[in-house]
Amino acid sequence: GRERDTVNEVMLAISGLCAAYDGDEVLHGLDLTLPTGTMAALLGPNGSGKSTLLRVVAGLLPVRGGTVRLQGRELAAYSPRERARTVGLVPQYATLPFAFSVDEVVGMGRHPYIGLLSAPGPHDREVVNRALTAADVAHVRERSVTELSGGEFQRVLIARALAQEPRLLLLDEPTAHLDLNHQVEIALLMRRLNREQGLTVLWVSHDVNLASEFCDRLLMMKQGHIVADGAPVDTLTPSRLREVYGMEFPV
């Protein structure tokens with residue numbers, strides 16, 4: 001198998017992270033270690049900093065203080081192209097200005113590997129095909145993304161991120177606007193990629209039940225801090241849920 005060393009056992013190591021969004025500091029001294037191969041959900045109320053944390057890790061938001069290391073290396077040391085080969089982000093709201101085909105959109109995930117004026121080669125086509133199949137959208141590859149259902153479009157965005165061949169996949173509420181069966185399908189897809197490809201997954205979710213069902217680790221955020229971190233059975237206690245969400249939950 002692949003040689004393992006201690007650095008590569010940790011996908012993401014964050015220490016004392018401070019970050020601001022629209023001028024307001026949202027993350028205050030946040031610490032997080034995510035081992036390679038983890039499937040973790042980020043939970044917490046709106047405004048707790050979940051999306052901000054993803055944006056920082058994806059390199060879309062500058063760090064105000066603290067350190068972010070990706071596979072043992074400072075995030076700031078990665079070029080945008082290197083970063084895009086390591087981290088894939090599935091945003092919460094994505095709109096495409098033109099009626100691209102599914103195939104074209106997923107092909108955009110190969111940009112970190114192809115020169116601006118180069119055409120995709122056989123290996124790029126192969127990776128795109130694998131991504132389409134993995135995300136279960138190969139059967140709609142010729143269709144325009146404007147014709148897809150919400151669940152299909154979400155899977156196309158996941159396929160585009162997979163075409164980047166990332167080691168870490170970040171998803172910002174990928175099931176937020178989907179009906180229940182599509183939510184479960186996306187969650188099953190994430191878990192399959194995690195189990196079969198060893199993909200490290202960090203998934204922002206509002207659905208405590210879905211997250212606890214599919215993730216081995218839950219990170220609960222409140223006001224820019226991680227206030228609980230562990231297996232679902234350890235984190236989802238009545239007192240913790242009351243502390244984070246300010247309301248009673250049946251557990």
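**Exercise 1. Are Asp124 and Arg110 buried or exposed?**

Before we start, a word on the model. It is predicted, so to speak, by computation: local features need pLDDT of at least 70, side-chain atom pairs count only at pLDDT 80 or more, and totals for chains, interfaces and linings use all residues. Residues are numbered from 1 along each chain as its sequence is written, and side-chain values use heavy atoms, leaving out hydrogens and water.*Solution.* Step 1: recall the scale, on which buried means under 20% relative accessible area, exposed over 50%, and partly exposed in between (1.4 Å probe, protein chains only). Step 2: apply it, and both Asp124 and Arg110 turn out to be buried. Step 3: look at how they meet. Asp124 forms a salt bridge with Arg110, with 2.9 Å between the closest N and O atoms. The pair links distant parts of the chain, 14 residues apart: Asp124 is in helix 4, and Arg110 is in the loop between helix 3 and helix 4. A salt bridge here is a side-chain nitrogen of Lys or Arg within 4 Å of a carboxyl oxygen of Asp or Glu. Helices (H or I, at least four residues) and strands (E, at least two) are DSSP runs, numbered from the N terminus. Step 4: widen the view. Arg110 and Asp124 belong to a network of salt bridges that also includes Glu126, Arg130 and Glu165.

**Exercise 2. Find the residue that forms a salt bridge with Arg217, and describe the pair.**

*Solution.* Step 1: the partner is Asp229, and the closest N and O atoms are 2.7 Å apart. Step 2: Arg217 lies in strand 9 (residues 217–222) and Asp229 in strand 10, so the pair ties together parts that are 12 residues apart in sequence. Step 3: compare with the scale above. Arg217 counts as buried at 13% relative accessibility, while Asp229 counts as partly exposed at 42%. Step 4: place the pair in the whole, as the structure holds 13 salt bridges.

**Exercise 3. Check the length of helix 5, then work out how it sits in the structure.**

*Solution.* Step 1: the expected span of a helix is 1.5 Å times one less than its number of residues. Step 2: for the 13 residues of helix 5 (residues 150–162) this gives 18 Å, and the end C-alpha atoms are indeed 18 Å apart. Step 3: 12 of the 13 residues are buried, so helix 5 is largely enclosed by the rest of the structure. Among the buried ones are Phe153, Val156 and Leu162. Step 4: name the neighbours. The buried residues pack against strand 6 (87–90), helix 3 (102–107), helix 4 (122–134), strand 7 (168–172) and helix 6 (180–197). Contact means heavy atoms within 4.5 Å. Step 5: pick out one neighbour in helix 6, Leu193. Leu193 is buried, with a relative accessible area of 2%, and it touches Leu162, one of several contacts.

**Exercise 4. Which strands stand at the edges of the open sheet?**

*Solution.* Step 1: write down the order of the 6 strands, 6-7-8-3-9-10, with mixed pairing. Step 2: read off the ends. Strand 6 and strand 10 (225–230) each have a single partner strand, so one side of each is left without a neighbour in the sheet. Two strands pair if DSSP finds at least two bridges between them. Step 3: follow one pair, strand 6 and strand 7, which run in the parallel sense over 4 bridges. There, Gly88 stands opposite Leu169 in strand 7. Step 4: add the helix from Exercise 3. Helix 5 packs on the sheet, touching strand 6 and strand 7, and its direction makes about 165° with that of strand 6. Axes are lines fitted to C-alpha atoms, for helices over the stretch in contact, and angles run from 0 to 180 degrees between N-to-C directions.

Definitions and conventions: Lists of a residue's contacts leave out its neighbours within four places in sequence.
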